[in-house]
Amino acid sequence: MSQNKGIEENSLLIKKAKEAKNNSYSPYSKFRVGAALLAESNKIYTGCNIENSSYGATICAERTAFSKAISEGEKTFKKIAITSDLNDLTFPCGICLQVISEFMPKGEIILQNKNNIIQVYKVSEFMPYAFKL
Ligand code: THU
């Protein structure tokens, strides 16, 4: 893939993640998160965080996107973009990293801050010794 195509792809994923963030159901934390997941099939699946008054039932934006994709038959993925209203980058939580490393161990995590600076990380940078059976 050319470098430009990669940059365009990352910008599109960030845009979709921002759109998904608008659907966030986060009345408890007031912290809106959006994610956009690019499957190997080249289809994009979005997700937002969905909270619950029983807090432990909350699902993060990243895992919403994976649940949607996997339940539609996807198995392998290339990249996930994650965004929130923070000025700084929003990194995935530990549970999401575990899920991400199950389905996308060689993939990339695309993050953007409020100044529109996009940072790209390898999943393996976060989870070099991920648990697996
Ligand atoms: N959250 C995510 O959606 N993704 C993460 O990786 C970290 C946390 C959500 C869960 C909860 O709704 C809110 O952010 C505050 O923790």
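Which residue has a backbone N or O atom that lies 3.0 Å from an oxygen atom of the ligand? In this predicted model, the residue is C93.

**Polar contacts of the ligand**

Two further residues approach oxygen atoms of the ligand through their side chains: E51, by an N or O atom, and E62, by a polar atom. The table sets out the three distances.

| Residue | Part of the residue | Distance to a ligand oxygen atom |
|---|---|---|
| E51 | side-chain N or O atom | 2.5 Å |
| E62 | polar side-chain atom | 2.7 Å |
| C93 | backbone N or O atom | 3.0 Å |

On its own, the ligand has 370 Å² of accessible area, and the protein covers 79% of that area.

**The surroundings of the ligand**

The residues around the ligand are S29, F31, V33, N49, E51, T58, C60, A61, E62, F91, P92 and C93. Sorted by class, this shell consists of seven nonpolar, three polar and two charged residues. The space that the ligand takes is the second largest pocket.

**The chain as a whole**

The chain contains four helices and five strands. Along the sequence, these elements appear in the pattern α-β-β-α-β-α-β-β-α. The radius of gyration of the chain is 14 Å, close to the 14 Å that the globule rule gives for 133 residues, and the chain is therefore as compact as a globular protein of that length. Taken along the principal axes, the box filled by the C-alpha atoms is roughly 45 × 40 × 30 Å.

Notes: Residues numbered from 1 in each chain as written. Predicted model: local features only at pLDDT ≥ 70, side-chain atom pairs only at ≥ 80, totals over all residues. Heavy atoms only, no water. Near = heavy atom within 4 Å. Polar contact = N/O pair within 3.5 Å; in protein donor to acceptor, adjacent residues only side chain to side chain. Areas by Shrake-Rupley, 256 points an atom, 1.4 Å probe, with all protein chains shown as cover. 1 Å grid on protein atoms, 1.4 Å probe; cavity = no way out; pocket = protein on both sides within 12 Å on 5 of 7 lines; lining within 4 Å. Sits in = over half its atoms within 2 Å of the grid points. Nonpolar A, V, L, I, M, F, W, Y, C, P; charged D, E, K, R; others polar. Helix = DSSP H or I, 4+ residues; strand = E, 2+ residues; numbered from the N terminus. Rg over C-alpha atoms; globule rule 2.2 N^0.38 Å.
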